[in-house]
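Here is a friendly note to read with the structure open beside you. Take the points one at a time and find each residue as you go.

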Amino acid sequence: MVRATSLVTAIAALCAEAAADAPSADELAWVLTAAEPRATVVGDPDVGIAAVALHPEGAYLRLLAVHPRARRRGHGRELLAEAEAVARAGGAPWLQVGAEAPWYLWPGVDTAELGLLCLLERARYTRVDSAWNMGVALAGLPHDPGGWRVARGTDRDAIDAWTQAHWVHWGAEMLRALALGRLVVTSDDDGIAAACAYGVCRDRYVGPVAVRPDLLGRGSGQAALLGALHRMRAEGHKHAEISWVGPICPYVRVGATIDRILSIQRKDLTVSRG
Ligand SMILES: CC(C)(COP(=O)(O)OP(=O)(O)OC[C@H]1O[C@@H](n2cnc3c(N)ncnc32)[C@H](O)[C@@H]1OP(=O)(O)O)[C@@H](O)C(=O)NCCC(=O)NCCS
């Protein structure tokens, strides 16, 4: 039995060879071995692995990677079939790649990953949606408007109540960002006005970003967003990636462009096909 830390180290080494945008060992440790629901990992990191997580509504493929020296010998197809078997055994009606909230390494399949897109197409996955990631070169940031602060442990109950009241699906990410010291907030007379998390699953990812619903559409998230981006720059990042964006305008305003579009794909596991 391989210990979790050595498994993560081996998967990080595999990803460094296999994926254009490889996650670090720390990022993998959280997403593959700590985040709930916990991923089931199949395969051998010397050749290739797949990681699948069962949610109440269906299953998600968190990672699939085959070492470049072992490609085009059927390993990818086999690993995907094993992931589907895990999903079926857990009662999942479908297996999806991408849009797995709240914990993920990629919000979908990068359209540059042609091998993975072809494998999924051959395995009868269909494109159900897309996720847009926007990038910001931190050297050219607009000036820091101030008016924000980094949330502290004593803010935990307020952040929890705020997300429960307004943005319940982002609560877990906001609280993890808080625990990591990576949650920037602004306040007004009515309490928390905006919050911007960064470095939650991947160090360079920004998000979720949220404003109190009564402030929507007024640029009220800019100070928290810029605060987070300035902190990232101060921490040594050159580039930030705002992951899986909803509206794009708030990010265009701070100089972001659309970096990549990721495809979200799903296979219905209830239909048996020959
Ligand atoms: C996608 C990937 C897993 C495929 O692994 P593999 O072991 O080479 O796949 P297989 O040999 O089982 O290929 C099965 C089928 O997929 C398709 N396929 C796989 N790679 C392909 C490529 N580069 N171009 C076109 N089709 C490809 C083919 O239809 C292939 O069947 P064939 O060889 O009979 O033509 C591998 O290329 C990889 O690890 N890519 C990086 C994945 C990544 O970015 N992961 C992170 C996000 S989850």
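1. Is arginine 72 buried or exposed? Arginine 72 is exposed, because 9 other C-beta atoms lie within 10 Å; a residue counts as exposed with 12 or fewer such atoms within 10 Å of its own C-beta, buried with 20 or more, and partly exposed in between, with C-beta atoms placed from the backbone. This is a predicted model, in which local features need pLDDT of at least 70 and side-chain atom pairs count only at pLDDT 80 or more, while totals for chains, interfaces and linings use all residues. Residues are numbered from 1 along each chain as its sequence is written.

2. Stay with arginine 72 for a moment. Its phi is positive, about 60 degrees, although arginine 72 is not a glycine. You will find arginine 72 in the loop between S3 and H3; such helices (H or I, at least four residues) and strands (E, at least two) are DSSP runs numbered from the N terminus. Alanine 99 also has a positive phi, near 55 degrees, and sits in the loop between S4 and S5. Alanine 99 counts as partly exposed because it has 18 C-beta neighbours inside 10 Å. As background, most residues other than glycine have a negative phi, and most peptide bonds are trans.

3. Now look for cis peptide bonds. One runs from alanine 101 to proline 102, with omega near 0 degrees, and proline 102 lies in the loop between strand S4 (94-97) and strand S5 (109-110). Another runs from glycine 207 to proline 208, with omega near -5 degrees; proline 208 belongs to strand S10.

4. Which residues are closest to the ligand? They are Arg71, Gly76, Arg77, Gly115 and Cys118, out of 21 residues that surround the ligand (a residue is near a molecule if its C-beta atom, placed from the backbone, lies within 6 Å of it). Strand S3 (59-66), helix H3 (75-89) and helix H4 (114-122) each give two or more residues to this shell. H4 has the largest share, with six residues. By class, the shell holds eleven nonpolar, four polar and six charged residues. Here Ala, Val, Leu, Ile, Met, Phe, Trp, Tyr, Cys and Pro count as nonpolar, Asp, Glu, Lys and Arg as charged, and the others, Gly among them, as polar.

5. Next, the domains. The assignment, automatic or from a database, gives domain 1 (4-129) and domain 2 (142-254). Their centres, taken over C-alpha atoms, are 28 Å apart. Ten residues of domain 1 are in contact with eight residues of domain 2 (contact means C-beta atoms, placed from the backbone, within 7 Å). On the domain 1 side, these residues divide into nine nonpolar, no polar and one charged.

6. The largest nonpolar core has 81 residues, and Ala50, Val52, Ala195, Cys196 and Ala224 have the most contacts inside it. Such a core is a set of buried Ala, Val, Leu, Ile, Met, Phe, Trp, Tyr and Cys residues joined through C-beta atoms within 7 Å. Leaving out residues up to four places away in sequence, alanine 50 touches several residues, including Val42, Leu61 and Leu79.

7. Finally, try tracing strand S11 (residues 239-242), which pairs with strand S6 (residues 126-137) in the antiparallel sense over four bridges; pairing needs at least two bridges found by DSSP. In this region, glycine 135 stands opposite glutamate 241. Strand S10 (residues 205-211) runs parallel to S11, joined by two bridges, and valine 206 stands opposite isoleucine 242.

Note on methods:
Contact = placed C-beta atoms within 7 Å.
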